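Student: Can you walk me through how the labels on a model like this get decided? I'd like the reasoning, not just the verdicts.

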Amino acid sequence: MEQTASLKIDIQSEIGRLDAVLLHRPGAEVENMTPRNVQRALYSDILNLSIAQHEYEQLSGVLSKLAKVYEVRPLLEMVLDQWKPRADLISRICQVEDVMPYLDTLMCMNSKELARVLIEGLPARVDTLTAYLRNEYYALYPLYNFYFTRDAAVTLGNHALVCRMANKVRMRESLIMDAIYRHSGAFECSVIDANAGQTEGSQVIMEGGDIIIAREDILIIGNGVRTTPQGIDFMVDNFRKCCPGGNGYVLVQQLPSQPESFIHLDMVFTLLDKDKCMVFKPLIMQANQYQTVQITISNGNVSDIRPVSGLLPALRKLGMDLKPVICGGEDDWDQEREQWHSGANFFAFAPGKVLTYARNIHTLEALDKEGFAIVKASDFIAGKHEDAVYGSRPCAVAIDGSELPRGGGGARCMTMPLSRQKVNW
C-alpha cells in the first residue's frame, strides 16, 4: 500500500455513506488448524480456504467500488518497518502470550515475513523436553478469526477504541490494531486502549460486534458472552466524555449465552436505513427474560439507569422509529436457520444500501417485500445493476456464502468502517 495522506477517522452512525473501510483477507491462518484445535479457534468446523477466499473476493470487490479499502497486512508491515513500534509490539505480544524466548527470532525477521508470522502463526521449537511434552505445534497461534475485523477495535467519532477481547486466542488482534492506529501513519485519530492498566482476570471485556452506533448520541451495546457489564461501564465512561453536547444515551441489550450464533448483538440486530432495521424476532420483538437497559448521559455524567420495554420502543422514544425486517421471514424454523448463518448480520454502505449473504433466501424475500432491490455481488462487480446500487432505491448486495458463515459471522463482522458521511436525520 502506497503511503498517502492520513485518513481522519470519522464514524457517527451505522448507515452513513461509506468513505473508507478496513478489511483483512482470510489467508493460511484459516486453514492452520485441525479438528483437535478447532474449538480453541472459536470455530465449529474447518473452513475450505479456497472457497472462503473466493467468497471474500466478492465482499472486497463490492466495497472497492464503493469506498477506499485499507487492508490489515500492508498496514501491519508499515508498523513493522519502524524499529521502535516493531519492538514495542513484539515485546507486548511475547509477554501476553508467554513466548519471550522467541522475541529475538521475531525481531530478526523482515517486516513482510514478520507480518505473515504474526497472522498465520509461528511454529514452536521442539528443542527441550518441556516443549516436546507440551505437544503444541505453534508458539504463536494463527489468528483464525482476524477476517472478522469488526471485533478487535471500534471506531467512534474520531476515536479508535481497542477492545479487550473475551478469548485470549484473539488478544493479538487487538494488539495489532492498536499498533496500526497509532503507528502505521495511515490514520488520524485518538486511541483508547481498553487493555491498558487491566490486570489478569479483569472483567473489562468488549468486542466490536456488540457495539452499534445508532446515531452520534446513541450507542446500542450487547451484553453477553463477549461483552461484560464492566466492559460496558468502560465504554460508557469514555462515551460520556465525547458525546455531542455532553448528552447521549446507551441502550444495553442482554443476550443469551446459547446458541453460539448469539455471540454478538449484530447477529440479532443491525441497522439498514434511517427507518429500518434487521432483527431476529424471538429475541428483539417477543417477550423473553433478556432485559433492555437505558443509560442516560446528561452534561457529561450518567444521570439515570433504568429498564425499558425493549430495544425498538426505546429507540422510538429517542426519535428513531425503526420498522423491523424479520431475519428468516415469518416462519419460526426459517428464522432460526437463517439467524444461525448470519442472516441478521448486515453491513450498510449507505442509508438503505446493505451487504449480506445470498444463502439466506427468506431474509432476502423479506427485504424484497420492503422494496429492496436484490443484486448479486458478482453481477455488480462485473458492472451490472449499477443503477440499483448507486441509485436512490434501497438495495441489498448479496455475496456467496457457503464457507465464510461457518466462521461465525457476516458482512458486518468482516468490515471495520473508518469514515462515513454524516446522515441527514
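Student: Before we start, in which helix is Ile-284 found?

Tutor: Ile-284 belongs to helix 10, which covers residues 281–284. Keep in mind that this is a predicted model.

Student: Why is Ile-284 called buried?

Tutor: Buried means under 20% relative accessible area. Ile-284 has 9% relative accessibility, so it counts as buried.

Student: Which residues is Ile-284 in contact with, beyond its neighbours within four places in sequence?

Tutor: Val-268, Phe-269, Val-279, Leu-311 and Leu-312. Take Phe-269: it sits 15 residues from Ile-284 in sequence, and the two C-alpha atoms are 7.6 Å apart. Contact, though, is judged on heavy atoms within 4.5 Å.

Student: What makes Glu-97 buried or exposed?

Tutor: Its relative accessibility is 17%, and the cut-off for buried is under 20%, so Glu-97 counts as buried. Glu-97 lies in a loop, between helix 4 (83–96) and helix 5 (103–107). Setting aside residues up to four places away in sequence, it touches Leu-140, Tyr-141 and Arg-172.

Student: And Ser-174, why does that one count as buried?

Tutor: Ser-174 has 0% relative accessibility, so it meets the under 20% rule. Ser-174 is part of helix 8 (residues 171–183). Its contacts, leaving aside neighbours within four places in sequence, are Ala-152, Val-162, Cys-163, Met-165 and Asn-195.

Student: How do you know that Cys-94 is in no disulfide?

Tutor: A disulfide needs two cysteine sulfur atoms within 2.5 Å. The closest cysteine sulfur to that of Cys-94 is in Cys-108, 12 Å away, so that is too far for a bond. Cys-94 is also buried, because its relative accessibility is 0%. Cys-189 is in no disulfide either: its nearest cysteine sulfur, in Cys-242, is 13 Å away. In total, the structure holds zero disulfides.

Student: On to the sheet with the order 18-19-21-20: what makes strand 18 and strand 20 its edge strands?

Tutor: That is an open sheet of four strands with mixed pairing. Strand 18 (347–350) and strand 20 (373–376) each pair on one side only, and that makes them the edges. The twist from one strand to the next averages 30°.

Student: How do you know that strand 19 and strand 21 pair?

Tutor: Pairing takes at least two bridges. Five bridges join strand 19 (residues 353–357) to strand 21 (residues 395–399), and the two run parallel. Within that pair, Val-354 stands opposite Ala-396.

Student: Which helices lie across strand 19 and strand 21?

Tutor: Helix 2 (residues 49–64) lies across strand 18, strand 19 and strand 21, at about 145° to strand 21. Helix 13 (residues 361–369) lies across strand 19, strand 20 and strand 21, and runs at about 135° to strand 20.

Student: How many cavities of 30 Å³ or more does the structure hold?

Tutor: Four. The largest has a volume of about 130 Å³.

Student: Which residues line the largest cavity?

Tutor: To be counted in the lining, a residue needs an atom within 4 Å of a cavity point. Among those lining the largest cavity are Val-154, His-159, Ile-211, Met-235, Asn-238 and Cys-242. Strand 6 (153–156), strand 7 (159–162), strand 10 (211–215) and helix 9 (229–242) give two or more residues to that lining.

Student: Which element gives the most?

Tutor: Helix 9, with four residues.

Notes
Residues numbered from 1 in each chain as written. Predicted model: local features only at pLDDT ≥ 70, side-chain atom pairs only at ≥ 80, totals over all residues. Heavy atoms only, no water. Buried < 20%, exposed > 50% of the residue type's maximum accessible area, 1.4 Å probe, protein only. Axes fitted to C-alpha atoms, helices over the stretch in contact; angles between N-to-C directions. 1 Å grid on protein atoms, 1.4 Å probe; cavity = no way out; pocket = protein on both sides within 12 Å on 5 of 7 lines; lining within 4 Å. Points joined across faces, edges and corners; volume = space filled by probe spheres on them.
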